[in-house]
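Me: I'd like to walk through this chain with you, one small question at a time. Can you take a look at it with me?

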Amino acid sequence: DLFTAVQNIVMRSADQPFEHIVVELSGVGEPEAVKKNWAIGLECTLPVALRTEVKQVVTVVDASTFGQDWMDTRRAHHRNEEVKGEQHDEKNKARLENA
């Protein structure tokens, strides 16, 4: 959980606090949700949210699939579920062929 990981970093650096923490979120299809969750944590007075803030979100994209993904009107998690389903089908197909 991101809150726990950042809390651990903040607590370990109490004597010499970090100016910035960069978090790489592999596989997060909706990075804006991370910002929203942090805002909710602040509203709920989570200690780590009170001591930190999300100032900037940077997104890295896969250039080989960006054009196709950009033109797809579905949200990322719907695309990801479809891909997972296709991968699952391929694994099952390979198992049947090897049986």
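Me: Okay, how many aromatic pairs are there by the ring rule?
Reply: Sure, but keep in mind that this is a predicted model, where local features need pLDDT of at least 70, side-chain atom pairs count only at pLDDT 80 or more, and totals for chains, interfaces and linings use all residues. Residues are numbered from 1 along each chain as its sequence is written, and side-chain values use heavy atoms, with hydrogens and water left out. The rule pairs rings of Phe, Tyr and Trp (its six-membered ring) if their centres lie within 6.5 Å; planes under 30 degrees apart are stacked, over 60 edge-to-face, and the rest tilted. By that rule, the count is one aromatic pair.

Me: Which residues form the aromatic pair, and is it stacked or edge-to-face?
Reply: A pair of aromatic rings is described by the distance of the centres and the angle of the planes. Here the centres are 4.4 Å apart and the planes make an angle of 20°. So the pair is F3 and W38, and it is stacked.

Me: How many residues apart in sequence are the parts that this pair ties together?
Reply: Helices (H or I, at least four residues) and strands (E, at least two) are DSSP runs, numbered from the N terminus. F3 lies in helix α1, while W38 lies in helix α2 (residues 31–43). The pair therefore ties together parts whose separation in sequence is 35 residues.

Me: Is W38 buried or exposed?
Reply: Buried means under 20% relative accessible area, exposed over 50%, and partly exposed in between (1.4 Å probe, protein chains only). F3 has 18% relative accessibility, so F3 counts as buried. W38 has 8%, so W38 counts as buried.

Me: Which helix supplies the largest share of the largest nonpolar core?
Reply: A nonpolar core is a set of buried Ala, Val, Leu, Ile, Met, Phe, Trp, Tyr and Cys residues joined through side-chain atoms within 4.5 Å. The largest one has six residues: F3, V6, V10, W38, V48 and A49. Both α1 (2–12) and α3 (47–51) supply at least two residues of this core. The largest share, three residues, comes from α1.

Me: Which residues does L2 touch, leaving out those up to four places away in sequence?
Reply: L2 is found in helix α1, and its 25% relative accessibility makes it partly exposed. The C-alpha atoms of L2 and N37 are separated by 9.9 Å. Contact means heavy atoms within 4.5 Å. By that cut-off, L2 touches V23, L25, V34 and W38.

Me: Where does T45 lie?
Reply: T45 has a phi near 55°, a positive value in a residue other than glycine. Its relative accessible area is 51%, so T45 is exposed. As for its place, T45 lies in the loop between α2 and α3.

Me: And what share of the residues in the chain is buried?
Reply: The chain has five helices and zero strands, running α-α-α-α-α from the N terminus on. Of the contacts with a separation of 6 or more, 51% are between residues 24 or more positions apart. Among the 99 residues in the chain, the buried share is 11%.
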